Amino acid sequence: MPHAPTALDALLDLLDLERIERDIFRGESRSALVPRVFGGQVAAQALVAAGRTVPEDRAAHSLHAYFLRPGDPGAPIVYTVDRIRDGRSFTTRRVVAVQHGQPIFHLSASFQTYEEGLDHQAAMPAAPDPESLPTPAEMLPRHLPRAVADRLIEARAAVDLRYADVPPWGSVGEPREPRSQVWFRTNGKLADDPLLHVVLATYVSDMTLLDSVLLAHGRGGWAVGDVVGASLDHAMWFHRPFRADEWLLYDQESPTASGGRGLGQARIYTQDGRLAISVIQEGVVRVPRD
């Protein structure tokens, strides 16, 4: 008998775009915790669109994106792919996401054929065993009103995301070092398609990266409403193969915040210590006016 659809099934359906023309795709949206489309969804869908125009032997190695306008969760998003370059080793694609006749997101992505080369990496930092950490269902109600916790659990149900320390909304009013760690993996197995694992990591990467900005100022963030924020731009570099359905350590920090903006930077490691991804994001982080 077929199994009942899971939250991961729903997410994979969300990321499975409809091809309208050769280089034009359409994706659906869904509501997020805030009244706009979740940025990780748009970035992941845009990467899916780019990847479907690239030969299968070329893996994504970087993306650079700008969030231009808030997305409307009640309307589909159209993704237009521009085939910038098809070289002997590298392929470059540009994707524009459009809603209501206006661009809301822009992504450039580069893909490369596999080749041998020099190899070194930064060492994986110390982190607790992910299995020793509380699950979202165990941890979130400890720090948030039940209704807010339930919404956050539902919004992230496709992902098992575990905080190594108290999250920002669990330590409001207590500034601390602007660094945070989370372990994550999908709540279910994924197919062996390498692009799918890169897309899922892209989706998750927008969930917690700016937390470290909030920690420096004792702010709880979007979940408690003591800041107003949104992603501005996002960059990722994919260094080594990984699986998004196996534990990944997201080690995040914020080197600076100023001018109503905060910068987050991070490294994502496999559980056996391989540096898989580097991430940088800047976002709007404003204190609401009285």
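In which sense, left-handed or right-handed, does α2 pass α5? I shall return to that question shortly. Good morning, colleagues. Please keep in mind throughout that the model before you is predicted.

Let me answer the opening question. The crossing of α2 past α5 is right-handed. Helix α2 covers residues 39-51, and its axis comes within 7 Å of the axis of α5, the two crossing at roughly 160°. Because angles over 145 degrees count as roughly antiparallel, α2 is described as roughly antiparallel to α5.

I turn now to the sheet. Twelve strands make up an open sheet, and their pairing is antiparallel. Reading across, the order is β1-β2-β4-β5-β6-β3-β9-β12-β11-β10-β8-β7. At the edges stand β1, residues 18-21, and β7, residues 159-163, each of which pairs on one side only. On average, neighbouring strands of this sheet are turned by 25° against each other, if direction is ignored.

Allow me to walk through part of that order, beginning with β6. Nine bridges link β6 to β3 in the antiparallel sense. Within that pairing, Leu63 has Ala109 of β6 as its bridge partner. Moving on, β3 also pairs with β9, again in the antiparallel sense, over five bridges. Here His64 is found opposite Ala235 in β9. Next, β9 is joined to β12, residues 275-286, by ten bridges, and these two strands run antiparallel. As an example from this pair, Ala230 faces its opposite number, Val284, in β12. As a general remark, side chains in a regular strand alternate between the two faces of the sheet.

My last topic is the largest pocket. In general, empty space is revealed by rolling a probe the size of a water molecule over the atoms. How much space lies in the largest pocket? The figure is about 1,100 Å³. Its lining consists of 31 residues, and those nearest the centre are Ala59, Phe238, His239, Arg240 and Pro241. Four elements are named as giving two or more residues to this lining: β3 (58-67), β6 (102-113), α5 (194-208) and β9 (228-238). By character, the lining residues comprise 14 nonpolar, eight polar and nine charged.

To close, I would draw these parts together. The strands β3, β6 and β9 belong to the sheet, and they also contribute to the lining of the largest pocket. Helix α5, which α2 passes in a right-handed crossing, contributes to that lining as well. Thank you for your attention.

Terms used:
Residues numbered from 1 in each chain as written. Predicted model: local features only at pLDDT ≥ 70, side-chain atom pairs only at ≥ 80, totals over all residues. Heavy atoms only, no water. 1 Å grid on protein atoms, 1.4 Å probe; cavity = no way out; pocket = protein on both sides within 12 Å on 5 of 7 lines; lining within 4 Å. Points joined across faces, edges and corners; volume = space filled by probe spheres on them. Nonpolar A, V, L, I, M, F, W, Y, C, P; charged D, E, K, R; others polar. Pairing = 2+ DSSP bridges. Axes fitted to C-alpha atoms, helices over the stretch in contact; angles between N-to-C directions. Parallel < 35°, antiparallel > 145°, perpendicular 65-115°, else oblique. Left-handed = near helix turned anticlockwise from the far one by under 90°.
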